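Visitor: I am new to this structure and would like a close look at a single part of it. Please take me through the empty space and the helices, slowly and with the details joined up.

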Amino acid sequence: MPVIVDIDVMLARRKMAVGELAERIGITPTNLAVLKNGRAKAVRFTTLDALCEALECQPGDLLRWEPDADE
């Protein structure tokens, strides 16, 4: 998938645990892990907004696009 999720990078920069972030944004740690590991099919803007607020970042800090190497 060419969209790369960098939530783990921002978590490391903020020295925050996955469980703490999940609690702050109001989703389960399991659902956050699905999103963090790039297995989610979609993300709601409300969730993206909550992530940006909790991590004090921009959406582009969490998501980036890279073309497939196979193409």
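Guide: A helix here is a DSSP run of H or I with at least four residues, and helices are numbered from the N terminus. The model is predicted, and a good place to begin is its largest pocket, which has a volume of about 180 Å³. Helix 3, covering residues 29-36, gives the most to the lining of this pocket, with three residues. The whole lining consists of Ile27, Asn31, Val34, Leu35, Ala40, Ala42, Val43, Arg44 and Thr47, and by class these are six nonpolar, two polar and one charged.

Leu35 and Val43 lead on from the pocket to another space, for they are also among the residues that line the largest cavity. The structure holds one cavity of 30 Å³ or more, and the volume of the largest cavity is about 40 Å³. Besides Leu35 and Val43, its lining includes Val5, Ile7, Leu48, Leu51, Leu62 and Leu63; the lining residues divide into eight nonpolar, no polar and no charged.

Two of those cavity residues, Ile7 and Leu35, can be followed into a helix pair. Two packed helices are described by the angle between their axes and the distance between the axes. For helix 1 (residues 7-14) and helix 3, the axes come within 9 Å and cross at roughly 115°, which means that helix 1 is roughly perpendicular to helix 3. On the side of helix 1, Ile7, Asp8 and Leu11 make the contact, and on the side of helix 3 Leu32, Leu35 and Lys36 do so. Sorted by class, the residues of this contact are four nonpolar, no polar and two charged.

Leu51, another residue of the cavity lining, opens the way to a second pair. Helix 2 (residues 18-25) and helix 4 (residues 45-55) have axes that come within 9 Å and cross at roughly 120°, and therefore helix 2 is oblique to helix 4. The crossing in which helix 2 passes helix 4 is right-handed. Here Leu21, Arg24 and Ile25 of helix 2 meet Ala50, Leu51, Ala54 and Leu55 of helix 4, and the residues of the contact divide into six nonpolar, no polar and one charged.

To retrace the path, Leu35 takes part in lining the largest pocket and the largest cavity, and in the contact of helix 1 with helix 3, while Leu51 lines the cavity and meets helix 2 from helix 4.

Definitions and conventions: Residues numbered from 1 in each chain as written. Predicted model: local features only at pLDDT ≥ 70, side-chain atom pairs only at ≥ 80, totals over all residues. Heavy atoms only, no water. 1 Å grid on protein atoms, 1.4 Å probe; cavity = no way out; pocket = protein on both sides within 12 Å on 5 of 7 lines; lining within 4 Å. Points joined across faces, edges and corners; volume = space filled by probe spheres on them. Nonpolar A, V, L, I, M, F, W, Y, C, P; charged D, E, K, R; others polar. Axes fitted to C-alpha atoms, helices over the stretch in contact; angles between N-to-C directions. Helix = DSSP H or I, 4+ residues; strand = E, 2+ residues; numbered from the N terminus. Parallel < 35°, antiparallel > 145°, perpendicular 65-115°, else oblique. Left-handed = near helix turned anticlockwise from the far one by under 90°. Contact = heavy atoms within 4.5 Å.
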